[in-house]
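Biologist: I've never looked at this one before. Could you walk me through it, one question at a time?

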Amino acid sequence: MNFTDPSTLNSPGTLTVSEELHFLEEGPAPYTGPGYDTRGIEGWMIGLNLTNGSGPPLPLAGSDCETWVPTLGDCAANDSGWYAVLLGPDGEWDGTYGATATGSGWSDPVLPIVNNETLVVVAPSSRAVAGDVLGISSITEALPLVGSTVLP
């Protein structure tokens with residue numbers, strides 16, 4: 001997974017860091033070159049984590065906005081940690097990743113995740129996330145997906 005076009009926005013009490021995501025697929029041998037494709041990736045297939053320079057995970061929190069809101073600014077940060085929002089290519093709210101009653105996960109486990117969507121980390125503005133690493137990993141062996149990006 002590759003990330004592009006990072007941006008940071010501070011608003012009262014909330015810091016958001018946005019990264020556009022792309023899946024890079026390598027075909028079976030003989031290698032035919034890289035290409036961007038999705039092949040039916042859904043939320044239940046991938047997990048997210050946020051680590052600081054020394055490596056321990058930062059606390060994952062839930063979002064008070066687990067369903068669509070008109071703008072990302074309509075959903076404040078959770079003071080106890082971070083969560084992520086997946087925005088569609090046109091900026092529409094698709095779903096959230098955060099703490100749930102059963103652990104960590106997506107607000108909709110069958111949420112389709114495709115190229116050119118934006119993954120937004122939402123954290124309290126008191127938390128400096130510059131230099132933290134956002135990692136994505138597979139939850140299923142059927143999808144050998146890995147990727148990470150250093151937040152600006």
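Biologist: Leaving aside neighbours within four places in sequence, which residues is Thr140 in contact with?
Modeller: Keep in mind that this is a predicted model: local features need pLDDT of at least 70, side-chain atom pairs count only at pLDDT 80 or more, and totals for chains, interfaces and linings use all residues. Residues are numbered from 1 along each chain as its sequence is written, and side-chain values use heavy atoms, with hydrogens and water left out. Thr140 sits in the loop between E10 and E11. With contact meaning heavy atoms within 4.5 Å, and neighbours up to four places away set aside, the partners of Thr140 are Trp44 and Met45.

Biologist: How far apart are the C-alpha atoms of Thr140 and Gly47?
Modeller: Along the chain, Thr140 and Gly47 are 93 residues apart. In space, their C-alpha atoms are separated by 10.0 Å.

Biologist: Is Ala142 buried or exposed?
Modeller: Ala142 lies in that loop too, between E10 and E11. Its C-alpha is 8.8 Å from that of Met45, 97 residues away in sequence. Buried means under 20% relative accessible area, exposed over 50% and partly exposed in between (1.4 Å probe, protein chains only). Because its relative accessible area is 74%, Ala142 is exposed.

Biologist: How many helices and strands does the chain have?
Modeller: Both are DSSP runs numbered from the N terminus: helices are H or I with at least four residues, strands are E with at least two. From the N terminus on, every element in the run is a β. The count is 0 helices and 11 strands.

Biologist: What is the order of the strands in the open sheet of 3?
Modeller: Two strands pair if DSSP finds at least two bridges between them. E5 (46-51) and E11 (146-150) are the edge strands, each pairing on one side only. E5 and E10 (133-138) run antiparallel and are joined by 6 bridges, with Leu48 opposite Ile136. The antiparallel order is E5-E10-E11.

Biologist: In E7, what is the bridge partner of Val85?
Modeller: E6 (83-87) and E7 (93-100) run antiparallel, with 4 bridges joining them. Their hairpin has 5 residues between the strands, and Gly91 takes a positive phi near 90° there. Across from Val85, the partner in E7 is Thr96.

Biologist: And in E8, what is the bridge partner of Tyr97?
Modeller: A hairpin of 2 residues links E7 to E8. E8 covers residues 103-106 and runs antiparallel to E7, with 4 bridges between them. One bridge pairs Ala99 with Ser104. Tyr97, for its part, is bridged to Trp106.

Biologist: Which residues of the largest nonpolar core touch the most other members?
Modeller: A nonpolar core is a set of buried Ala, Val, Leu, Ile, Met, Phe, Trp, Tyr and Cys residues joined through side-chain atoms within 4.5 Å. This one has 26 residues, and E2 (14-22), E5, E6, E9 (117-124) and E10 each supply at least two of them. A second, separate core of 11 residues includes Val69, Leu72, Val85 and Val120. In the largest core, the members touching the most others are Ile46, Leu48, Trp82, Trp106 and Leu119.

Biologist: Which residues does Ser63 touch, not counting those up to four places away in sequence?
Modeller: Ser63 lies in the loop between E5 and E6. Ser63 counts as buried because its relative accessibility is 9%. Beyond four places in sequence, its contacts are Cys75, Tyr83 and Thr96.

Biologist: Among contacts between residues at least 6 apart in sequence, what share joins residues at least 24 apart?
Modeller: For the chain as a whole, 43% of the 152 residues count as buried. Of the contacts between residues at least 6 apart, the share that joins residues at least 24 apart is 59%.

Biologist: Over which residues does pLDDT stay under 50?
Modeller: pLDDT is the predictor's confidence in each residue, from 0 to 100. The chain's mean is 76, and 80% of its residues reach 70 or more. Where pLDDT is low, the predicted coordinates should not be read in detail. The stretch that stays under 50, for which the model has 15 contacts beyond four places in sequence, is residues 28-37.
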